[in-house]
Amino acid sequence: MLKISQVDKVFNAGTVNEKIALQNINLHLAPRDFVTVIGSNGAGKSTLMNIISGGLIPDQGTVTIDGVDVTKLGEHQRAKYIGRVFQDPMAGTAPNMTIEENLAIAYARGQRRSLSLGVNNRKRKLFQEQLEILDQGLENRLKTKVGFLSGGQRQALSLLMATFTKPKILLLDEHTAALDPKRARLILELTKKVVDQHHLTTLMVTHNMEQALTLGNRLLMMHEGRIVLDIAQEQKQRMTVKDLLQAFEEARGGEAFAEDRYFLA
Ligand SMILES: Nc1ncnc2c1ncn2[C@@H]1O[C@H](COP(=O)(O)OP(=O)(O)OP(=O)(O)O)[C@@H](O)[C@H]1O
């Protein structure tokens with residue numbers, strides 16, 4: 001479904017500020033893989049997500065989605081393949097537009113023919129059905145401006161919008177990190193539901209070790225622009241957070257893991 005081959009990305013190449021963000025990344029995701037991604041600060045996780053979404057074009061290597069070489073395609077050109085939810089609940093939605101207007105934009109996105117952004121009764125019914133799945137009562141608030149929703153409600157809506165057109169790949173960029181634990185749990189439950197419902201192939205960056213172990217069928221660990229560990233379902237199921245920390249330490253050449261942003265449970 002997703003094939004990344006020999007990808008490199010360097011920022012400010014040839015200057016004193018040169019930063020190698022990704023080096024020789026090779027990654028192959030099968031359809032319906034749900035991969036969690038952890039790693040030290042500056043390891044290259046966001047850069048990898050941006051390379052997949054088209055926000056960044058690699059210096060070397062190729063990106064293929066469902067057999068289509070998208071390496072040189074910009075974000076808009078590959079939007080139909082990708083759904084993405086960011087950490088910031090403000091990022092995925094337009095606050096001054098109503099829930100139904102936001103959904104109309106998401107609905108039109110990635111369609112072959114350009115669709116009207118207007119909302120008719122048929123679309124409204126579809127939106128209500130989809131909103132019911134979120135279990136937030138949003139189906140009765142179609143005309144509410146999104147800016148009035150709570151962070152958790154906005155993230156739930158972002159998730160729905162990102163997956164409305166059944167993308168090939170869902171990118172989750174620490175999408176629960178800005179929420180309180182209760183809302184974070186709710187969004188994770190919704191994530192599982194939506195991923196299952198649409199049979200999505202998913203890549204989720206998280207700083208929560210427990211989440212990284214319990215969600216999905218595969219875990220990647222990144223360090224200094226490389227994938228240093230790729231843990232399959234069977235092994236992942238048997239691991240504790242302590243095992244994961246130890247594996248991380250070994251992969252980093254014995255350097256202990258001491259990053260403030262990580263939640264160990
Ligand atoms: N636009 C940019 N210009 C210059 N350097 C960049 C840019 N974007 C990222 N970098 C650098 O590339 C490296 C990888 O950054 P990236 O944001 O991908 O890491 P990350 O794993 O997502 O980190 P974090 O967990 O801290 O968010 C870092 O050293 C970062 O400073």
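These notes cover the ligand shell and one sheet of a predicted model.

1. **Ligand shell, membership.** Twelve positions need no searching: F11, N12, K19, A21, G39, N41, G42, A43, G44, K45, S46 and T47 surround the ligand.

2. **Ligand shell, origin.** Two elements, β2 (19-29) and α1 (45-53), each give at least two residues to this shell. The largest share belongs to α1, with three residues.

3. **Ligand shell, character.** Seven of the shell residues are polar. Three are nonpolar and two are charged.

4. **Sheet, order.** The sheet is open and has six strands. They run in the order β6-β7-β8-β3-β9-β10, and the pairing is mixed. At the edges sit β6 (82-85) and β10 (226-232), each paired on one side only. On average, neighbouring strands are turned by 20 degrees against each other, direction ignored.

5. **Sheet, one pair in detail.** β3 (residues 34-39) and β8 (residues 201-205) are parallel partners, joined over four bridges. Opposite V37 stands V205 of β8.

6. **Helix α1 on the sheet.** Which strands does α1 touch? The contacts are with β3, β6, β7 (169-173), β8 and β9 (218-223). The direction of α1 makes about 150 degrees with that of β7. This is also the helix that supplies three residues to the ligand shell.

7. **Helix α4 on the sheet.** α4 (residues 151-163) packs on the sheet as well, touching β6 and β7. Its direction makes about 170 degrees with that of β6.

Terms used. Residues numbered from 1 in each chain as written. Predicted model: local features only at pLDDT ≥ 70, side-chain atom pairs only at ≥ 80, totals over all residues. Near = placed C-beta within 6 Å. Nonpolar A, V, L, I, M, F, W, Y, C, P; charged D, E, K, R; others polar. Pairing = 2+ DSSP bridges. Axes fitted to C-alpha atoms, helices over the stretch in contact; angles between N-to-C directions. Contact = placed C-beta atoms within 7 Å.
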